[in-house]
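Trainee: Could you walk me through this model before I start on it myself? I'd like to begin with the overall picture and then go into particular residues.
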Amino acid sequence: VLSEAIKSGKKRLYFLARDGYQMYVVAKCFCEAWELDIECRYLYVSRYAVRVPEYALLQENCLDRICVGGIDVTFHKIMRRAALTESESQQIASLTGYLGKEDQVLSYQEIHALKKELKGQKDFLECVYTHSVRAYKNTVAYFEQEGLLERVNYALVDSGWIGTMQQSIQNLLRTKKPEICLEGYYFGMYEWPRKECGR
């Protein structure tokens, strides 16, 4: 990562929590020992923290982030991903026929069916957007505080998966700086993000 960063003229690297912590500590040691002109920073983020404020920007497409498969996915977990309160979750369970079945593990087909159902639920989407708008201000303020809107050549560093953290951060930053195009360094990717301008 450090040699790639030097080749592409990066002056700052943001290591994403939590997977990036060990890499951050080691990179700082290397930069000191080798006197590299690269600043290493640790960014306190999680998928949840960057996705919730992004939902209102994505509108109905936010369901692509909320209704994804995984281990032991339940209706209740999907409502938590959407940032709904317990009472809001109960209301949506009642509207979608999931009342009393909130903790039943869902198959990929059932998650897909629930996604289609939620797309037509105006009450659900309004709740999602309300919580998203509330979370947006603090999240973008944190990114600004950490220098992600500064005119510095930087990149993100993370373990990988499919790069949606980079996409979410970029979408949020573009509300303040439309031309921003993030790059990321990853240790393993299952698939490349679509329409990604960085690498």
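Trainee: How many helices and strands are there in the protein chain?
Mentor: Bearing in mind that this is a predicted model, the protein chain has 10 helices and 4 strands. Read from the N terminus on, its elements run α-β-α-β-α-α-α-α-α-α-α-β-α-β.

Trainee: And what does the C-alpha trace span along its principal axes?
Mentor: The C-alpha trace of the protein chain spans about 60 × 30 × 25 Å along those axes. Of the contacts with a separation of 6 or more, 74% are accounted for by residues 24 or more positions apart.

Trainee: What percentage of the residues is buried?
Mentor: Buried residues make up 46% of the 199 residues in the protein chain. As for the surface, the chain exposes about 11200 Å², and carbon and sulfur atoms supply 51% of that area.

Trainee: Why is helix H10 described as largely enclosed?
Mentor: Helix H10, which covers residues 164-173, has 9 of its 10 residues buried, so it is largely enclosed by the rest of the structure.

Trainee: Which residues of H10 are those?
Mentor: The buried residues in H10 are Thr164, Met165, Gln166, Gln167, Ser168, Ile169, Gln170, Leu172 and Leu173.

Trainee: Switching to the outside, which residues make the nonpolar surface patch?
Mentor: Val26, Phe30 and Trp34 make a nonpolar surface patch of about 310 Å². Val26 lies in helix H2, residues 21-33, and it counts as partly exposed because its relative accessibility is 41%.

Trainee: Now charges: how many positive and negative side chains are there, and how far apart are the centres of the two sets?
Mentor: There are 27 positive and 26 negative side chains in the protein chain, and the centres of the two sets lie 3 Å apart. Side chains of opposite charge can pair when their charged atoms come close. With a cut-off of 4 Å between a side-chain nitrogen of Lys or Arg and a carboxyl oxygen of Asp or Glu, the count comes to 10 salt bridges.

Trainee: Where do Lys7 and Glu4 lie, since I'd like to start with that pair?
Mentor: Both lie in helix H1, residues 2-7, where they are 3 residues apart, about one turn of the helix. Their side chains meet in a salt bridge with an N to O distance of 3.5 Å.

Trainee: Is Lys7 buried or exposed?
Mentor: Lys7 is exposed, with a relative accessible area of 67%, whereas its partner Glu4 is partly exposed at 33%.

Trainee: Which salt bridge links distant parts of the chain?
Mentor: Asp64 forms a salt bridge with Lys115, and the closest N and O atoms are 2.6 Å apart. That pair links distant parts of the chain, with Asp64 in helix H5 (residues 63-66) and Lys115 in helix H8 (residues 108-119), 51 residues apart. Asp64 counts as partly exposed at 41% relative accessibility, and Lys115 also counts as partly exposed, at 21%.

Trainee: Which residues do salt bridges with shared partners join into one network?
Mentor: Arg12, Glu39, Arg41 and Glu150 are joined into one network by salt bridges that share partners. Taking one pair from that group, the side chains of Arg41 and Glu39 meet in a salt bridge at 2.7 Å, N to O.

Trainee: And how accessible is each of those two, Arg41 and Glu39?
Mentor: Arg41 counts as partly exposed, with a relative accessibility of 21%, and Glu39 counts as partly exposed with a relative accessibility of 33%.

Definitions and conventions. Residues numbered from 1 in each chain as written. Predicted model: local features only at pLDDT ≥ 70, side-chain atom pairs only at ≥ 80, totals over all residues. Heavy atoms only, no water. Patch = residues over 30% accessible without salt bridge, like charges linked within 9 Å, V, L, I, M, F, W, Y side chains within 5 Å. Areas by Shrake-Rupley, 256 points an atom, 1.4 Å probe, with all protein chains shown as cover. Helix = DSSP H or I, 4+ residues; strand = E, 2+ residues; numbered from the N terminus. Buried < 20%, exposed > 50% of the residue type's maximum accessible area, 1.4 Å probe, protein only. Contact = heavy atoms within 4.5 Å. Lys, Arg positive; Asp, Glu negative; His and termini not counted. Charge placed at Lys NZ, Arg CZ, Asp CG, Glu CD.
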